[in-house]
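Reader: Got a fold I'd like to talk through with you. Can we start with the cysteines and then go on to the sheet and the core?

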Amino acid sequence: LSPMISPKHHYIFSFTFLSFVLIPLTTSSFLATIKTADALTLKQSPPVALLTGATGRTGQIVTNELLKKGFQVRIFCRDGQKAKEIFRNNDDNGIDYLKNIEFCQGDLGNENDIQAAFSNASKKLTHVIFMAGGEDADYRVVSYQGLAKFAQKATAVECNTIRHFVVISTAWCTKPYSIASLLFNTLYFDTLPMASYYLGEQALRKAAAGVTDKNSSLNYVILRAGGLNSDERYAEKYPDAATMGLTYQQGDTFDFFGIAGRPGMSRSQLANAVLSAVDVEGQYTVEVTGSGNVDLNDSSFYQELRQDDNSKAVIANNRDDDDDTAVFDTHTQAVKQLKNTAIAASLGGIAMIGIYGWFQGLVLLLSLDAIIILLWSRFFANKQAY
C-alpha cells in the first residue's frame, strides 16, 4: 500500500478490498471450479441413456449395443419384470447386461410415470432415445403425446445434463396423400399414426427451440425410417440389399415405389442408424432406409446436412405448429377422399360389369383402378402439407 495512506484509511481500504473484490473474486473462481469439475466428471463418467421401446425388436438391438459401448441405460417400460427377463436372456459372451440397466415401469400416457422416469434416475441422464411405437401402440398417446412429454422433461432446467435426443419416426409423415400415409392411416384410423408421428416431431423441435441457454442446448436427430423388415426376411428376400449401407435424405422425399418402399431396411440397419446418431452435435431431421453407400456406423455425413430451422417449425398454412386438430384434420380428410374415390371406382366397376359382362367389366375396372392410382401418385401423393 502507498505510504500516503493513513493507518485508519489503511484498514478501511483493506476491508473494502477484501469485501468487494477479493471475496467475490475468490467465490466466483471457486464456483467456476466446481462447475468445471462437475462438467468434467459428467463428461468422464459413463453416459446414461433413458430409453423407450427398448424391449421391442429394434430396441433390443440398440440397447445391447449401447451397453457394449459402455453406456448405462434406464429403460422405461410397461412391464418391468418382462423387460428384465428379456435382457437376462440376451446375455452375450458373458456380458452381465442387468448390472448396467435400471428398469422404470410406467405408461407413456401417464405424466407422473414420465416424471419419475427422469427424476428418479440414480445417475444423471445424458441421452434420451425414443423408440416406442409399433403395431399395438396407441400412436396418438405414444408417438405424439408421449414424445411431447419426454421432450418437455428432457429440456427442463433440472435435466440440463441431457445433451442428446434421438427419435425413430417415419418417412412420409408430412405427406398425408402419399400411398404410405394413406395405407398406414387407414389401418389405424382411430389414432392416425402419420399425423401423430409428425406432431411428436414438432413437439421435440418446439421444446429444443425453447432452450435459451446455449450451454444447455439439446442436440437431436429425428430418424424418419422408410420401410422396415425383420432381419431374417430382409436377408432372405433382399440378400444384396442386406450387404449394403444406408441411404439418408432430407425433405421427406422418399419415393414409396423406390428403395424406401421396397426393399426398405432391416431392423439391424435401423438400429445402426440410431446408434450412429446418439452423439451427433446439432439438430437434424433425416429420412433413412437401406440400399445406400453410407457405412452403418458413420455419422460424419451429418456435417454436410441441413440443420432444422426451428424458428420456421410451423404448418405451411400459417396455423400454429401445436395446433394438433389442424394436422389430424388434414390426415383425416386425405383418408376420406381416398375412401370416396374407392367407392366411386367400385360403383363404376359394378356398372361396367353389368353392361359388358364379367370379363370385360373386370378388365375395365382394373384399368380404371390403374389410372386412378397413376393420377393419384402423380398429382396428390407428393403433396407436402407441412
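Reader: So how many disulfides turn up in the whole structure?

Author: Zero, from a search of the whole structure; a disulfide here is a pair of cysteine sulfur atoms within 2.5 Å. Keep in mind that this is a predicted model, where local features need pLDDT of at least 70, side-chain atom pairs count only at pLDDT 80 or more, and totals for chains, interfaces and linings use all residues. Residues are numbered from 1 along each chain as its sequence is written, and side-chain values use heavy atoms, with hydrogens and water left out.

Reader: Why no bond between C77 and C104?

Author: Because the sulfur of C77 is 7.5 Å from the closest cysteine sulfur, the one in C104, and that is too far for a bond.

Reader: And is C77 buried or exposed?

Author: C77 is buried, at a relative accessible area of 7%. C104 is buried as well, with 7%. Buried means under 20% relative accessible area, exposed over 50%, and partly exposed in between (1.4 Å probe, protein chains only).

Reader: OK, sheet next. What's the strand order?

Author: The order is 3-2-1-4-5-6-10-8, an open sheet of eight strands with mixed pairing. Strands pair if DSSP finds at least two bridges between them. Strands (E, at least two residues) and helices (H or I, at least four) are DSSP runs, numbered from the N terminus.

Reader: Which strands stand at the edges?

Author: Strand 3 (101-105) and strand 8 (245-249) do; each has a single partner strand, so one side of each is left without a neighbour in the sheet. From one strand to the next, the twist averages 25°.

Reader: How do strand 1 and strand 4 run?

Author: Parallel: four bridges join strand 1 (residues 48-52) to strand 4 (residues 127-130). T52 has F130 of strand 4 opposite.

Reader: What does helix 7 touch?

Author: Helix 7 (residues 193-209) packs on the sheet and touches strand 5, strand 6 (219-225) and strand 10 (283-292). Its direction makes about 165° with that of strand 6. Axes are lines fitted to C-alpha atoms, for helices over the stretch in contact, and angles run from 0 to 180 degrees between N-to-C directions.

Reader: Last one: which residues touch the most others in the largest nonpolar core?

Author: L66, L223, Y248 and Y302, out of 38 residues. Such a core is a set of buried Ala, Val, Leu, Ile, Met, Phe, Trp, Tyr and Cys residues joined through side-chain atoms within 4.5 Å. Helix 10 (residues 267-277) gives the largest share, six residues.

How values were computed: Contact means heavy atoms within 4.5 Å.
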